[in-house]
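Me: Please take a close look at one part of this protein and describe what surrounds it. A plain account will do.

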Amino acid sequence: MLKAQSAKLDRKKLFGDPVLITTIVILVILLTLFILYPLSMLLIDSIWGDNGLTLSVFGRVLEMGTFRTAFANTLRLGFIVGIGSTVLGLLFAYVDVYLDIKSRFVRRLFNVVSMLPVVSPPFVLSLSMILLFGRGGLITRSLLHIYDSDIYGLHGIAIVQILTFFPVCYMMLKGLLKNIDPSLEEASRDMGASRWKVFTTVTLPLMLPGLGNAFLVTFIESVADFANPMMIGGSYDTLATTIYLQVTGAYDKAGASAMGRGAAVPDAGAVPDSEILSGKAHLRHPDRQGQPGTDAHRRQERDPSPVHPVRAFLRLCGADVHQHSLWRAV
């Protein structure tokens with residue numbers, strides 16, 4: 001009875017707000033017009049032929065060697081990028097949360113890194129890699145006098161996508177680490193456990209759902225990425241570039257639509273797993289706001305040794321970041 005009255009009251013409040021109703025209607029129209037309608041038309045093109053409903057297009061696509069190669073390449077690239085982005089994001093998040101960093105520059109650098117995927121065009125890092133490490137690159141040709149540098153292919157796409165997507169893992173894992181109760185780690189340290197022992201036996205098990213979620217998110221981003229494989233992929237075909245070439249090169253709209261359904265298979269399997277892991281992470285890390293021992297009372301270490309890998313990584317990518325700044329200024 002109370003639930004019915006509460007639902008009735010909520011509906012009354014909803015329909016009593018004209019601004020909210022107008023906003024919802026506009027969003028539904030835009031969603032239908034620009035997302036649902038194009039997707040439905042692609043689905044119809046892949047299953048509807050001259051003689052009516054048919055699945056022959058899927059059979060023809062599955063027999064294509066280019067599609068099978070692109071599908072395997074996309075899965076391989078997704079796993080590499082997912083693992084690399086998760087490890088790098090964990091490193092940055094761990095340094096940001098657990099170490100008492102005095103330098104304002106480093107603090108601001110972490111904030112800038114977390115905003116890069118939001119404000120940067122998707123092809124900037126690929127262009128930076130080509131201009132810096134390509135055959136006529138500033139570093140390879142002008143400084144190191146290497147004239148046969150080849151950054152195109154799997155390794156080039158993997159490096160660019162890891163640099164592009166690891167800030168997403170960094171932001172996710174940073175919030176996860178802040179939500180871990182510091183009293184568990186401090187109790188282990190007080191009992192004589194080393195920092196590595198605490199990390200492997202206390203911190204890492206609590207982070208496993210979040211790590212899996214970060215991996216799946218970057219895996220989905222890698223599978224759906226088109227700009228980076230198109231610019232720096234070379235002869236390494238992915239599903240996104242293969243679908244594009246199927247439309248623009250072979251003029252096969254039905255085949256490209258069927259390939260698009262195949263490209264949705266990895267994402268369709270990863271999204272439910274991501275939701276399950278998010279739920280596990282929420283159950284494992286309930287809200288402890290206002291209780292003692294939250295992240296505000298976390299004992300931060302002054303030992304700078306964990307910062308060294310981050311510094312080495314930043315020095316390695318320093319020229320790339322500088323080129324990125326120059327490109328945005330132009």
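Reply: Val124, Leu125, Ser126, Leu127, Ser128, Met129, Ile130 and Leu132 are the buried residues of helix H6. This is a predicted model, and what follows was computed from it. H6 runs over residues 124–133 and is mostly covered, with 8 of its 10 residues buried. For comparison, buried residues make up 38% of the 330 residues in the protein.

Part of what lies against H6 can be named. Val160 touches Leu125, Ser126 and Met129, and also Asn228 and Ile232; residues up to four places away in sequence are not counted here. Leu125, Ser126 and Met129 are among the buried residues of H6. Val160 itself belongs to helix H8. Buried means under 20% relative accessible area, and Val160 counts as buried because its value is 1%. Its partner Asn228 is 68 residues away in sequence, yet the two C-alpha atoms are 7.2 Å apart.

The helix that carries Val160 deserves its own description. H8 covers residues 154–179, 26 residues in total. From its first C-alpha to its last it reaches 36 Å, close to the 38 Å expected at 1.5 Å a residue. H8 has a kink of about 35° at Phe165, and the proline Pro167 follows shortly after.

Phe165 leads on to another helix. Ser222 touches Phe165 and Gln161, together with Leu77, Gly78 and Val81, again leaving out residues up to four places away in sequence. Ser222 is located in helix H10, residues 195–224. With a relative accessibility of 3%, Ser222 is therefore classed as buried.

A contrast is found in helix H2, residues 18–47, where Leu39 is placed. Leu39 is partly exposed, at 45% relative accessible area. Leu39 is also one of the residues of a nonpolar surface patch, whose other members include Ile26, Leu27, Phe34 and Leu42. Together the patch residues have about 920 Å² of accessible area.

As for the wider setting, the protein has 15 helices and 2 strands. Of the contacts between residues at least 6 apart in sequence, 77% join residues at least 24 apart; the pair Val160 and Asn228, at 68 residues apart, was described above. The protein exposes about 19200 Å², and 67% of that comes from carbon and sulfur atoms.

Terms used: Residues are numbered from 1 along each chain as its sequence is written. This is a predicted model: local features need pLDDT of at least 70, side-chain atom pairs count only at pLDDT 80 or more; totals for chains, interfaces and linings use all residues. Side-chain values use heavy atoms; hydrogens and water are left out. Helices (H or I, at least four residues) and strands (E, at least two) are DSSP runs, numbered from the N terminus. The expected span of a helix is 1.5 Å times one less than its number of residues. The bend at a residue is the angle between axes fitted to the seven residues ending there and the seven starting there. Patches are made of residues with over 30% relative accessible area and no salt bridge: like charges are joined within 9 Å, nonpolar side chains (Val, Leu, Ile, Met, Phe, Trp, Tyr) within 5 Å. Accessible areas come from the Shrake-Rupley method with a 1.4 Å probe; for residues, only the protein chains shown count as cover. A salt bridge is a side-chain nitrogen of Lys or Arg within 4 Å of a carboxyl oxygen of Asp or Glu. Buried means under 20% relative accessible area, exposed over 50%, partly exposed in between (1.4 Å probe, protein chains only). Contact means heavy atoms within 4.5 Å.
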